[in-house]
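Welcome! Here is a short guided tour for anyone meeting this structure for the first time. Have a look at the model first, and then read on.

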Amino acid sequence: MGVGGLEGTSTSSGVPFPPESLDPGRPARPLPRPAGPFNRAAEGASRAGGAQWAARSVTSRRREVSGECLGWGRPAGAGRPEEALAAGRDPRGAAARLACSAPTPGGDGTMPFDFRRFDIYRKVPKDLTQPTYTGAIISICCCLFILFLFLSELTGFITTEVVNELYVDDPDKDSGGKIDVSLNISLPNLHCELVGLDIQDEMGRHEVGHIDNSMKIPLNNGVGCRFEGQFSINKVPGNFHVSTHSATAQPQNPDMTHVIHKLSFGDTLQVQNVHGAFNALGGADRLTSNPLASHDYILKIVPTVYEDKSGKQRYSYQYTVANKEYVAYSHTGRIIPAIWFRYDLSPITVKYTERRQPLYRFITTICAIIGGTFTVAGILDSCIFTASEAWKKIQLGKMH
């Protein structure tokens, strides 16, 4: 029974009455029941007994109405049942709407599998987001920063990297214990017939006037000489020197001023990414030194291996050099100058290897750049937005 002009409900059927039915002078008139599967089912349940209807499974009841739900439009009072009751509509229409819109279980009573439940990136409607000028500026700067880092990493990925390592070993075991030497030296004040190359080492080698794979080029109309030679030395301490010892007749006061164009050991390496002392004496000028002075070049030879991307290895040698200049006298008191190259080998081997950055490392770096930049930018934007909102609230509080 309604009170205060409110709608009432029938005690027998639970159907809402219209407001005019509360008038004492008029008989109560219940709302007409819309025809539908739920009403027929409810009437049948009331006649057959509520216990029998309640005992039926949810699956069987839905099957009864599923055929009509497929062709049924929006039922009367569609929506939540309590909202339909408050609006004066039939709440059973809302229940029917909910029943029709609910997913239909399978034959075994289970709900159908929805692959979308694995989506961890749930989409937020665009209407629920709020763009800001600060966020736009941060987003643009973030994208530019990511682009810059991406191009930098891409350049590093494409470029071949040369790494070096040190170890103790003889790298070129197939050389037979020999090292190839290339010498190119000019003596502008000494005749070619007086110039010779002598080789000595601790294995007992003593060769005077080496002429194999060598040639002498006259300079200054035959006054000077340029010596070019390629020879081998043993991998033991020793020396080779340019002198007049091999000449048939020793000259008086030979002039040993010189310019060294090249002195290298092993294979010639011309690699841009490797800057070593492969020709440390190249360009050495001793033209202004004492003509009768001997020159000692003390070399420390370091074995070097260069391995390209294909795995091919080339063996060369770097060396450090120290020199001194002095006047040497023979046992007869004569001055016999020479240009000495005294060498010793280092047990340390330097290896250069060409490498390219692996693809998985490049992808990992790019993901780290993008993820890290977006995370930091999001934190920065959130802090600025929160601070601006708090400032607005403070200003509004001051105004009121």
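Two strands are said to pair if DSSP finds at least two bridges between them. Keep in mind along the way that this is a predicted model.

**How far to trust it**

The protein chain has an average pLDDT of 78, and 72% of the residues score at least 70. Two stretches call for care. Over residues 1-25 pLDDT stays under 50, and the model has 38 contacts beyond four places in sequence for them. Residues 44-79 also stay under 50, with 39 such contacts. Where pLDDT is low, the predicted coordinates should not be read in detail.

**Strand E3 and its neighbours**

A good place to begin is strand E3, residues 196-201. Of its 6 residues 5 are buried, so the strand is largely enclosed by the rest of the structure. E3 pairs with strand E7 (residues 238-243) in the antiparallel sense, over 6 bridges. Within that pairing, Leu197 stands opposite Val242 of E7.

E3 also has strand E4 (residues 206-207) as an antiparallel partner, this time over 2 bridges. Here Ile199 has Glu207 in E4 as its bridge partner. The hairpin of E3 and E4 has 4 residues between the strands, and in it Gly204 takes a positive phi near 95°.

**The cysteines**

How many disulfides does the model contain, if the sulfur atoms must lie within 2.5 Å? The count comes to 1. Cys192 and Cys225 form it, with their sulfur atoms 2.4 Å apart. The torsion about their S-S bond is about 105°, so this disulfide is right-handed. It links distant parts of the chain: Cys192 sits in the loop between strand E2 (178-187) and E3, while Cys225 belongs to strand E6 (residues 224-234), 33 residues apart. Both Cys192 and Cys225 are buried.

Why is there no bond between Cys142 and Cys143? The sulfur of Cys142 has its closest cysteine sulfur in Cys143, 5.5 Å away, which is too far for a bond. As for their surroundings, Cys142 counts as buried at 5% relative accessibility, whereas Cys143 is partly exposed with a relative accessible area of 46%.

**The annotated transmembrane regions**

UniProt, in an unreviewed entry, places the feature "transmembrane region" at residues 132-151 and 359-380. The table shows what the model has at these positions.

| Span | Helix content | Strand content | Distance between end C-alpha atoms |
|---|---|---|---|
| Residues 132-151 | 95% helix | 0% strand | 29 Å |
| Residues 359-380 | 100% helix | 0% strand | 32 Å |

**The nonpolar cores**

In soluble globular proteins, nonpolar side chains tend to be buried together. The largest nonpolar core in this model has 33 residues, and those with the most contacts inside it are Leu183, Phe240, Leu263, Phe265, Leu281, Leu299 and Phe341. Several strands each supply at least two residues of this core, among them E3, E6, E7 and strand E8 (259-266). E2 gives the most to this core, with 5 residues.

Leu183 makes a handy spot to zoom in on. Leaving aside residues up to four places away in sequence, Leu183 touches residues including Leu197, Val242, Leu263 and Phe341. Two of these names are already familiar, since Leu197 stands opposite Val242 in the pairing described above.

A second, separate core has 9 residues, including Val162, Leu269, Val271 and Tyr352.

Definitions and conventions
Residues are numbered from 1 along each chain as its sequence is written. This is a predicted model: local features need pLDDT of at least 70, side-chain atom pairs count only at pLDDT 80 or more; totals for chains, interfaces and linings use all residues. Side-chain values use heavy atoms; hydrogens and water are left out. Buried means under 20% relative accessible area, exposed over 50%, partly exposed in between (1.4 Å probe, protein chains only). A disulfide is a pair of cysteine sulfur atoms within 2.5 Å. UniProt positions are given in the numbering used here, feature names are shortened, and annotations may be inferred rather than shown by experiment. pLDDT is the predictor's confidence in each residue, from 0 to 100. Contact means heavy atoms within 4.5 Å. A nonpolar core is a set of buried Ala, Val, Leu, Ile, Met, Phe, Trp, Tyr and Cys residues joined through side-chain atoms within 4.5 Å.
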